[in-house]
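User: I am new to reading protein structures and would like a close look at one part of this one. Please choose a part, describe its surroundings, and explain the terms as you go.

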Amino acid sequence: MATALELFADYFQVHVLDEGSEGDFSGVWTEQTVVDGLGVMEDALAIGTAVNDTVAVSVHVLADQPHYDSDDFDHIVEASLHVPSGRLIVMGCTDYLDDAARFEVPAGRTRARASRRNLAAAVRRLESDEEPEATEEVRLQTWPAPFSVPHIVKRWTQAQ
């Protein structure tokens, strides 16, 4: 079952973190991680977005790794994080932590896949009043898994 959230992706990012995380995201963004749309820490992830605006996020807590459906998405990234508390927080980067959505997950290592779509339409909507409304969508899937390195499954590049 999915939980739908609308989050303000301030500074072009959404955060996924262990409830006990004290991580500081200021050091995760480099030229490469911005291009990848993924900043990784031990117990937290910063998922890059194409827009500095409200995004639709669906959160899926799964028992096993889901199949790939990359044809349905523009950009897909995966990374591992440690969730010792068994509670995963999903929030906009400037949201108030106490009000953020929390999800029960098995304590320990978790894999997260962020699949994003409607990216070009969401960017165009912000650049022109003539475009019909289109919201960037982020599907976040998590499942228990041993640590593995971050992986860019599918890359979207914004047209210049």
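Analyst: Two strands are said to pair if DSSP finds at least two bridges between them. Strands of a sheet pair through backbone hydrogen bonds, either parallel or antiparallel. The model is predicted.

With that term in hand, take strand β7, residues 87-92, which pairs with β8 in the antiparallel sense over 4 bridges. One residue pair shows what this looks like: the bridge partner of isoleucine 89 in β8 is arginine 102. Both strands belong to an open sheet of 5 strands, in the order β3-β4-β2-β7-β8, with antiparallel pairing. Its edge strands are β3 (38-41) and β8 (101-104), each of which pairs on one side only. From one strand to the next, the twist averages 15 degrees.

The part for the close look is in the other sheet. That sheet is open as well and has 6 strands, in the order β1-β5-β10-β9-β6-β11, and its pairing is mixed. Here the edge strands are β1 (2-8) and β11 (151-154), each pairing on one side only. Neighbouring strands of this sheet are turned by 25 degrees against each other on average, with direction ignored.

Now look at strand β6, residues 75-83, and at histidine 75, which is found in it. Is histidine 75 buried or exposed? A residue counts as buried when its relative accessible area is under 20%. Histidine 75 has a relative accessible area of 2%, so it is buried.

Which residues does histidine 75 touch, leaving aside those up to four places away in sequence? The list includes Val35, Asp36 and Gly37, then Ala114, Ser115, Arg116 and Leu119, and also Ile152, Lys154, Arg155 and Trp156. One of these neighbours also takes part in a polar contact: the side chain of histidine 75 reaches the backbone oxygen of aspartate 36 at 2.7 Å. For a separate distance, consider threonine 49, which is 26 residues from histidine 75 along the chain; their C-alpha atoms are separated by 9.7 Å.

The strand around histidine 75 has partners of its own. β6 runs antiparallel to β9, and 9 bridges join them. Within this pairing, alanine 79 has alanine 112 of β9 as its bridge partner. β6 also pairs with β11 in the antiparallel sense, over 3 bridges. There, valine 77 has isoleucine 152 of β11 as its bridge partner.

Strand β9, residues 108-117, can be followed one step further. β9 pairs with β10 (residues 137-144) in the antiparallel sense over 8 bridges. Alanine 112 stands opposite threonine 142 in β10. Of the 10 residues of β9, 8 are buried, so this strand is largely enclosed by the rest of the structure.

A helix also belongs in this picture. The buried residues of helix α2 (residues 119-127) are Leu119, Ala121, Ala122, Val123 and Arg125. These buried residues pack against β6 and β9. Leu119 is also among the residues that histidine 75 touches.

Last come the rings. A search of the whole structure finds 0 aromatic pairs. There is, however, a charge over a ring: the charged end of arginine 113 sits over the ring of tyrosine 68, 4.1 Å from its centre.

Notes:
Residues numbered from 1 in each chain as written. Predicted model: local features only at pLDDT ≥ 70, side-chain atom pairs only at ≥ 80, totals over all residues. Heavy atoms only, no water. Phe/Tyr/Trp six-rings, centres within 6.5 Å; stacked < 30°, edge-to-face > 60°. Lys NZ or Arg CZ within 6 Å of the ring centre and 35° of its normal. Helix = DSSP H or I, 4+ residues; strand = E, 2+ residues; numbered from the N terminus. Buried < 20%, exposed > 50% of the residue type's maximum accessible area, 1.4 Å probe, protein only. Contact = heavy atoms within 4.5 Å. Polar contact = N/O pair within 3.5 Å; in protein donor to acceptor, adjacent residues only side chain to side chain. Axes fitted to C-alpha atoms, helices over the stretch in contact; angles between N-to-C directions.
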